[in-house]
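Dear colleague,

I am handing over the structure we spoke about, and I would be glad if you could look through it before reading on. My notes on what was found follow below it.

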There are 2 protein chains.
Amino acid sequence: MAMNCPSGRHDRHDVYASLCPCREVLDLLANKWSALAIGALEDGPQRFGALRRRLDGISPKVLTSTLRGLEAMGFVTRTVFPAVPPHVEYALTDLGRGAAVPLSGLRRWVEQHLDEITEVADAPSAAVRRTC
Amino acid sequence: MAMNCPSGRHDRHDVYASLCPCREVLDLLANKWSALAIGALEDGPQRFGALRRRLDGISPKVLTSTLRGLEAMGFVTRTVFPAVPPHVEYALTDLGRGAAVPLSGLRRWVEQHLDEITEVADAPSAAVRRTC
DNA sequence: GACATTAGTATCCGACGGATACCATTGAGA
DNA sequence: TCTCAATGGTATCCGTCGGATACTAATGTC
């Protein structure tokens with residue numbers, strides 16, 4: 001149970017240490033929209049509008065801030081093609097492709113176990129709709 | 001690219017469909033504190049205070065609401081032992097143990113790749129502290 | 001001249017996260 | 001007897017964030 005981070009140099013990081021930068025990264029990735037955006041970009045580079053449609057229900061403001069956050073940490077690149085109307089492409093970096101692996105695992109787990117979850121969450125004041 | 005959910009009965013769920021209950025589940029699990037709490041509970045049942053200490057930096061209010069959310073969806077159980085001072089134990093359900101797998105993957109990935117991330121996020125206005 | 005397209009930004013509002021203070025109850029210690 | 005610590009929260013306040021909606025610039029097309 002090492003508290004590795006708070007004390008200077010180290011080569012083992014710990015998401016359970018509040019001062020470890022891990023926390024910021026976890027906060028960025030452990031987020032509904034980030035998980036969906038990175039997953040969408042696994043199919044190849046996408047334009048803003050395509051992501052907006054794929055991430056059904058996201059508002060443009062939130063999509064912008066999600067992508068800016070991912071860009072700032074080096075998970076995606078943003079490429080502007082000078083054209084009118086504007087043409088901007090977002091793509092995963094190598095780092096982004098790496099992060100996509102555990103995130104895909106999470107998305108897949110949720111999809112595959114939803115039925116069990118709704119079953120369980122059923123009895124007490126149903127926090128989850130049962131049918132789509 | 002199936003939009004499986006919005007139309008009644010189905011046995012394939014899709015986190016990319018805004019109306020699929022998947023979304024609520026993903027929103028609950030794809031969250032910093034949920035990921036940490038479920039990870040902490042993998043070591044066995046824990047009391048409120050122990051979780052509070054383990055999830056370094058969480059406020060009691062947020063810990064309560066996180067645990068209540070996980071309980072409502074059937075990922076953790078809450079057991080009250082009638083005693084003074086109060087004694088309450090939180091534990092993973094089978095479902096919670098299942099969800100813990102991809103979440104561990106995500107936490108581990110972040111810890112193992114933090115150095116690359118800070119390196120990349122370095123050049124532009126460093127959104128991430130480099131040392132702990 | 002009117003309209004569609006694209007990648008956002010501007011604005012408003014309510015919900016949520018985070019920080020802090022506080023509570024009830026009892027056993028142990030002074 | 002008085003005081004203190006321990007536990008599992010709740011109450012309160014405040015700033016940030018998410019979500020919804022409207023709007024913009026610049027150009028090609030009809």
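How do the residues of the surface near DNA strand D divide into nonpolar, polar and charged? Before the answer, please keep in mind that this is a predicted model. The surface near DNA strand D is made up of 10 nonpolar, 5 polar and 6 charged residues.

DNA strand D

Around DNA strand D there are 21 residues, of which Trp33(A), Lys61(A), Arg78(B), Pro86(B) and Tyr90(B) come nearest. Of the atoms of DNA strand D that come within 4 Å of the protein, 61% belong to sugar and phosphate. Several phosphate contacts can be named individually: a polar side-chain atom of Arg78(B) is 2.5 Å from a phosphate oxygen of this strand, while an N or O atom in the side chain of Trp33(A) is 2.6 Å from a phosphate oxygen of DNA strand D, and for Lys32(A) the corresponding distance from a side-chain N or O atom to a phosphate oxygen of DNA strand D is 3.3 Å. Two or more residues each are given to this surface by α2 (32–41) and α4 of chain A and by α3 (48–54), α4 and β3 (87–92) of chain B. Among the elements, α4(B) gives the most to the surface near DNA strand D, with 4 residues.

DNA strand C

Turning to the other strand, 21 residues surround DNA strand C, and the closest are Arg78(A), Pro86(A), Tyr90(A), Trp33(B) and Lys61(B). Here sugar and phosphate account for 60% of the DNA strand C atoms that come within 4 Å of the protein. An N or O atom in the side chain of Arg78(A) lies 2.5 Å from a phosphate oxygen of DNA strand C, whereas Gly49(A) uses a polar backbone atom, which is 3.1 Å from a phosphate oxygen of the strand, and a polar backbone atom of Val88(A) is 3.2 Å from a phosphate oxygen of DNA strand C. The elements with two or more residues in this surface are α3 (48–54), α4 (60–72) and β3 (87–92) of chain A, along with α2 (32–41) and α4 (60–72) of chain B. With 4 residues, α4(A) gives the most to the surface near DNA strand C, and the residues of that surface divide into 10 nonpolar, 5 polar and 6 charged.

How the helices pack

Within chain B, the axes of α2(B) and α4(B) come within 10 Å and cross at roughly 75 degrees, which means that α2(B) is roughly perpendicular to α4(B). In this contact, Trp33(B), Ser34(B), Ala37(B) and Ile38(B) of α2(B) meet Val62(B), Thr66(B) and Leu70(B) of α4(B), and the residues involved divide into 5 nonpolar, 2 polar and no charged.

Helix α2(B) also packs against chain A, where α1 (residues 22–29) has its axis 8 Å from that of α2(B), at an angle of about 110 degrees. The helices α1(A) and α2(B) are therefore roughly perpendicular to each other. Arg23(A), Leu26(A) and Asp27(A) in α1(A) meet Lys32(B), Trp33(B) and Leu36(B) in α2(B), and the residues of this contact divide into 3 nonpolar, no polar and 3 charged.

The sheets

Chain A holds an open sheet of 3 strands in the order β1-β3-β2, with antiparallel pairing, and its edge strands are β1 (46–47) and β2 (76–81), each of which pairs on one side only. The antiparallel strands β2(A) and β3(A) are joined by 6 bridges, and Phe81(A) stands opposite His87(A) in β3(A). Helix α4(A) lies across β2 and β3 of chain A and runs at about 115 degrees to β2(A).

In chain B, too, there is an open sheet of 3 strands with the order β1-β3-β2 and antiparallel pairing. Its edges are β1 (46–47) and β2 (76–81), each with a single partner strand, so one side of each is left without a neighbour in the sheet. Between β2(B) and β3(B), which run antiparallel, there are 6 bridges, and the bridge partner of Val80(B) is Val88(B) in β3(B). Helix α4(B) lies across β2 and β3 of chain B, at about 115 degrees to β2(B).

With best wishes

Note on methods. Residues numbered from 1 in each chain as written. Chains lettered and ligands numbered in written order. Predicted model: local features only at pLDDT ≥ 70, side-chain atom pairs only at ≥ 80, totals over all residues. Heavy atoms only, no water. Near = heavy atom within 4 Å. Polar contact = N/O pair within 3.5 Å; in protein donor to acceptor, adjacent residues only side chain to side chain. Nonpolar A, V, L, I, M, F, W, Y, C, P; charged D, E, K, R; others polar. Axes fitted to C-alpha atoms, helices over the stretch in contact; angles between N-to-C directions. Parallel < 35°, antiparallel > 145°, perpendicular 65-115°, else oblique. Contact = heavy atoms within 4.5 Å. Pairing = 2+ DSSP bridges.
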